[in-house]
Amino acid sequence: MIDQVTVDKILDSANIVEVVSDFAKKYNIEIHEREQSEEEKQQQSQRESMLIVNAFAQEYFSNTLFNHAEGRSIGLSYFHERGFRDDIIKKFGLGYSLDQRDALYNEARARGYKKDYLLSTGLCLENNNGQISDRFRGRVIFPVYSLSGKVLAFGGRILKK
């Protein structure tokens, strides 16, 4: 049976391999490890990069909700009308995306995030002319979290009719 300390460590851990290794040692379970291929290393690196971009986007959306006039007047008022308290909004990392074509994209690029990752996460879209636009513009934002607390994706609700 797994003890509560082990469960907490699993849920709080950013490195599941370490947790599994510790668990195996504790219960004398032999683990056969293999080296990752270059392709697997590349895929893992891309996944981690996209998680970093998602974490940035969540912070950006949350900051916009509380610190931008449009975010407060549209997004925050929407959540307050629905009975959400500020502590709950912050706990779940809810946010707002400005109703501008490329506000998130421009901020991300200014901070050094790569265009490819902004597109592959689905946060931004590229049209046939190469013009980039934010997918969630003009929406309140609901992050989707993994069990370990990483932002995997976003949902959004359009507020203007």
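Trainee: In this predicted model, is D102 buried or exposed?

Mentor: The relative accessible area of D102 is 17%. Because a residue is called buried when that value is under 20%, D102 counts as buried.

Trainee: Which residue forms a salt bridge with D102?

Mentor: Side chains of opposite charge can pair when their charged atoms come close. In the pair that involves D102, the closest N and O atoms are 3.0 Å apart. The partner is partly exposed, at 34% relative accessibility, and the residue that forms this salt bridge with D102 is R101.

Trainee: How many salt bridges are there in the count?

Mentor: The rule asks for a side-chain nitrogen of Lys or Arg within 4 Å of a carboxyl oxygen of Asp or Glu. One pair that meets the rule is R85 with D87, whose closest N and O atoms are 2.9 Å apart, and D87 is partly exposed at 44% relative accessibility. By this rule the number of salt bridges comes to five.

Trainee: The side chain of E126 also takes part in a salt bridge, so which residue does E126 meet there, and how many residues apart are the two?

Mentor: E126 lies in strand β2 (residues 124–126) and its partner in helix α7, so that the pair links distant parts of the chain. The N to O distance is 3.2 Å. E126 is partly exposed, with a relative accessible area of 40%, while the partner is partly exposed at 29%. The partner of E126 is K115, and the separation along the chain is eleven residues.

Trainee: Which strands stand at the edges of the open sheet?

Mentor: Three strands make up this open sheet, in the order β1-β4-β5, and their pairing is antiparallel. A strand at the edge has a single partner strand, so one of its sides is left without a neighbour in the sheet. The strands that stand in this position are β1 and β5 (151–158).

Trainee: By what angle are neighbouring strands of this sheet turned against each other on average?

Mentor: Strands of a sheet pair through backbone hydrogen bonds, either parallel or antiparallel. The angle here is an average for neighbouring strands, with their direction ignored. Its value is 40°.

Trainee: Over how many bridges do β4 and β5 pair?

Mentor: Strand β4 covers residues 139–145, and together with β5 it forms a hairpin with five residues between them, where G149 in the turn has a positive phi of about 95°. Within this pairing V144 stands opposite A153, and F142 stands opposite G155. β1 and β4 pair over three bridges, with Y96 opposite V140. For β4 and β5, the number of bridges is seven.

Trainee: Which helix packs on the sheet?

Mentor: The helix in question covers residues 38–67 and touches β1, β4 and β5. Its direction makes about 35° with that of β5. The helix is α3.

Trainee: How many residues of the largest nonpolar core come from α3?

Mentor: In soluble globular proteins, nonpolar side chains tend to be buried together. The largest nonpolar core here has 28 residues, of which F61, L123 and F154 touch the most other members. Among the elements that each supply at least two residues are α4 (69–81), α6 (103–110), β4 and β5. The largest share comes from α3, and the number of its residues is seven.

Trainee: Is S97 buried or exposed?

Mentor: S97 is found in strand β1 (residues 95–97). Beyond its neighbours within four places in sequence, its contacts include F61, F136 and I141. With 2% relative accessibility, S97 counts as buried.

Trainee: What is the phi of N28, which is not a glycine?

Mentor: Most residues other than glycine have a negative phi. N28 is found in the loop between α2 (16–26) and α3, and it is exposed, with a relative accessible area of 73%. Its phi is positive, at about 55°.

Trainee: At what angle do α3 and α4 pack?

Mentor: The axes of α3 and α4 are 6 Å apart, and the residues that make the contact include L65 and F66 of α3 and G75 and F79 of α4. The two helices count as roughly perpendicular, because angles of 65 to 115 degrees are given that name. The angle between α3 and α4 is about 95°.

Terms used:
Residues are numbered from 1 along each chain as its sequence is written. This is a predicted model: local features need pLDDT of at least 70, side-chain atom pairs count only at pLDDT 80 or more; totals for chains, interfaces and linings use all residues. Side-chain values use heavy atoms; hydrogens and water are left out. Helices (H or I, at least four residues) and strands (E, at least two) are DSSP runs, numbered from the N terminus. Buried means under 20% relative accessible area, exposed over 50%, partly exposed in between (1.4 Å probe, protein chains only). Contact means heavy atoms within 4.5 Å. Two strands pair if DSSP finds at least two bridges between them. Axes are lines fitted to C-alpha atoms, for helices over the stretch in contact, and angles run from 0 to 180 degrees between N-to-C directions. A nonpolar core is a set of buried Ala, Val, Leu, Ile, Met, Phe, Trp, Tyr and Cys residues joined through side-chain atoms within 4.5 Å. Angles under 35 degrees count as roughly parallel, over 145 as roughly antiparallel, 65 to 115 as roughly perpendicular and the rest as oblique.
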